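Student: Hey, can you walk me through this one? I'd like to go over rings, charges and surface.
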Amino acid sequence: GVPLPSIRNYFLLDGSVGYVGLTGGFQETTAEELDAAIAELKQKGMKSLILDVRNNPGGLLPQAIEVVSRFVDRGQTVVSVKGRSQYSNSRELRASGGKMDDFPIVVLINGGSA
């Protein structure tokens with residue numbers, strides 16, 4: 001595939017395992033890029049997915065939530081945001097849409113994953 005701002009590369013391993021390198025941070029186009037990559041890999045026969053977010057520097061929280069929403073049920077808490085003050089309320093940000101796909105997924109992270 002063409003390298004995009006968030007997804008540096010994606011390809012099929014062993015004919016049925018998809019790999020998506022989501023290492024460019026969460027930007028305006030991340031969820032769309034992921035949808036396009038997954039659609040292409042599914043056409044090629046992907047049955048399971050490796051999502052690589054090693055060294056992903058983070059970025060736009062709404063996009064991160066959009067991405068997680070592709071894989072978890074609507075209403076699940078994706079992230080809890082709490083201010084530094086003891087009086088500030090924490091906000092729970094929840095998954096939006098329904099699950100897109102139901103294939104096994106492995107997420108690779110490391111100390112550089114935001």
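Tutor: Sure, we'll start with a word on the model and then take your topics in turn. This is a predicted model, where local features need pLDDT of at least 70, side-chain atom pairs count only at pLDDT 80 or more, and totals for chains, interfaces and linings use all residues. Residues are numbered from 1 along each chain as its sequence is written, and side-chain values use heavy atoms, with hydrogens and water left out.

Student: Okay, rings. How many aromatic pairs does a search of the whole structure find?
Tutor: One. F11 and Y19 make up that pair, and they're stacked, with 4.8 Å centre to centre and 15° between the planes. For rings of Phe, Tyr and Trp (its six-membered ring), a pair needs centres within 6.5 Å; planes under 30 degrees apart are stacked, over 60 edge-to-face, and the rest tilted.

Student: Is Y19 buried or exposed?
Tutor: Y19 counts as buried, because its relative accessibility is 13%. F11, at 35%, counts as partly exposed. The cut-offs are under 20% relative accessible area for buried, over 50% for exposed, and partly exposed in between (1.4 Å probe, protein chains only).

Student: New topic: how many salt bridges does the structure hold?
Tutor: Five. A salt bridge here is a side-chain nitrogen of Lys or Arg within 4 Å of a carboxyl oxygen of Asp or Glu. One of them joins D35 and R70, whose closest N and O atoms are 2.7 Å apart.

Student: Why does that pair tie together parts that are 35 residues apart in sequence?
Tutor: Because D35 sits in helix α1 (residues 30–43), while R70 is in the loop between α2 (61–69) and β4 (77–81). Helices (H or I, at least four residues) and strands (E, at least two) are DSSP runs, numbered from the N terminus. R70 is buried at 13% relative accessibility, and D35 is partly exposed at 26%.

Student: Any others?
Tutor: R54 bridges to D52, again with the closest N and O atoms 2.7 Å apart. D52 is buried, with a relative accessible area of 3%, whereas R54 is partly exposed at 37%. R94 and E92 also form a salt bridge, at 3.2 Å between the closest N and O atoms.

Student: Which residues do shared partners join into one network?
Tutor: D35, E66 and R70.

Student: And V107, where is that?
Tutor: In strand β6 (residues 105–108). V107 is partly exposed, at 45% relative accessibility.
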